[in-house]
Amino acid sequence: MDKKDIIPSCLQSFQDDPQFRVLLKSAMPVKSHRAFNAVQREGMFLPNGMLSQAGHAFIKELNAALPVVEATLATYGGDMIAARASSWRSGVKSRKSAHAKANQPAPPGLLKRAGSLAKAIGSETKAIVQRQPNLTTQQVAARLAVCASCDQLRSNRTCARCGCFVDAKARFRSQDCPLRKWPAK
Ligand code: SF4
């Protein structure tokens, strides 16, 4: 049994298998039963998908009695232990990404977007009049690559900082990133 699979696999089994829950509880030290009861009463997760306080306390008890957890888990085959550990990990990953998505600030409103666009068109027109050289395809692509990995980029392709549509903004020679991640030409 891979040591790093013990706790994740135990947590997944605890959720999936009522028989395992009974077995584990009877094998664990009596002082840990409070944490067992709390996690069964309050649940392992908060409504936002993050680990609850009861969940944290429960994991602490499991870590304190690792040999007992390992012995209980050994009633499953090695493959099942690894599969449940991987299922737990992927659950954690998807809960984290759902949480991050839910907490992402709203994209800039219509008014801000319209104001930013008007300003950008104004300064771009000035740049054209002043005969400033145009951007190359590579320069535009480099700007967009920076935006693509920026946490200010919203799902509707606007920048939360300046309110611009990045696909348009990146093509304007006069524009720069409000966080100085890429300069004006
Ligand atoms: S313009 Fe700057 S701040 Fe906005 S998304 Fe692009 S890199 Fe991020």
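The exercises below, each with a worked solution, concern a predicted model of a protein chain with a ligand.

Residues are numbered from 1 along each chain in the order in which its sequence is written. Because the model is predicted, local features need a pLDDT of at least 70 and side-chain atom pairs count only at pLDDT 80 or more, while totals for chains, interfaces and linings use all residues.

**Exercise 1. Confidence and domains**

Task: State the average pLDDT of the protein chain, find the helices where confidence is lowest and highest, and give the distance between the centres of the two domains.

Solution. Start with pLDDT, the predictor's confidence in each residue on a scale from 0 to 100. The protein chain averages 88, and 100% of the residues score at least 70. Next, go through the helices, which are DSSP runs of H or I with at least four residues, numbered from the N terminus. Confidence in the protein chain is lowest in helix 6, with a mean of 84, and highest in helix 8, with 95. Finally, take the domain bounds, which come from an automatic or database domain assignment. Domain 1 covers 3–102 and domain 2 covers 110–169, and their C-alpha centres lie 47 Å apart.

**Exercise 2. The buried side of helix 5**

Task: Determine which residues of helix 5 are buried, which are exposed on the other side, and what covers the buried ones.

Solution. First fix the classes: a residue is buried if 20 or more other C-beta atoms lie within 10 Å of its own, exposed if 12 or fewer, and partly exposed in between, with C-beta atoms placed from the backbone. In helix 5, which spans residues 66–73, Val69, Thr72 and Leu73 are buried. They cover an arc of only 95° around the axis, judged by the directions from the helix axis to the C-beta atoms, and therefore lie on the same side of helix 5. Pro67 and Ala71, on the other side of helix 5, are exposed. As a last step, look for the cover by contact, which requires the C-beta atoms of two residues, placed from the backbone, to lie within 7 Å. The cover of the buried residues includes helix 1 (6–16), helix 2 (18–27), helix 4 (53–64) and helix 6 (78–102).

**Exercise 3. Positive phi outside glycine**

Task: Locate Arg131 and Arg157, and give the phi value of Arg131 and of Arg157.

Solution. Most residues other than glycine have a negative phi, and most peptide bonds are trans. Arg131, although not a glycine, has a positive phi of about 55°; this residue sits in the loop between helix 7 (110–129) and helix 8 (137–148). Arg131 is exposed, because 7 other C-beta atoms lie within 10 Å. For Arg157, phi is near 70°, again a positive value in a residue other than glycine, and the position is in the loop between helix 8 and helix 9 (166–169). Arg157 counts as partly exposed because it has 16 C-beta neighbours inside 10 Å.

**Exercise 4. The ligand shell**

Task: List the residues that surround the ligand and sort the shell by class.

Solution. A residue is taken as near the ligand if its C-beta atom, placed from the backbone, lies within 6 Å. The surrounding residues are Val146, Cys147, Cys150, Gln152, Leu153, Cys159, Arg161, Val166, Cys177, Pro178, Leu179 and Lys181. For the sorting, Ala, Val, Leu, Ile, Met, Phe, Trp, Tyr, Cys and Pro count as nonpolar, Asp, Glu, Lys and Arg as charged, and the others, Gly among them, as polar. The shell therefore has nine nonpolar, one polar and two charged residues.

**Exercise 5. Sequence separation and spatial distance**

Task: Give the C-alpha distance for Gly91 and Leu135, and for Asn156 and Pro108.

Solution. Gly91, in helix 6, is 44 residues from Leu135 in sequence and 44 Å from Leu135 in space, C-alpha to C-alpha. Asn156, in the loop between helix 8 and helix 9, is 48 residues from Pro108 along the chain, with their C-alpha atoms separated by 9.6 Å. Asn156 counts as exposed because it has 9 C-beta neighbours inside 10 Å.

How values were computed. Helix = DSSP H or I, 4+ residues; strand = E, 2+ residues; numbered from the N terminus.
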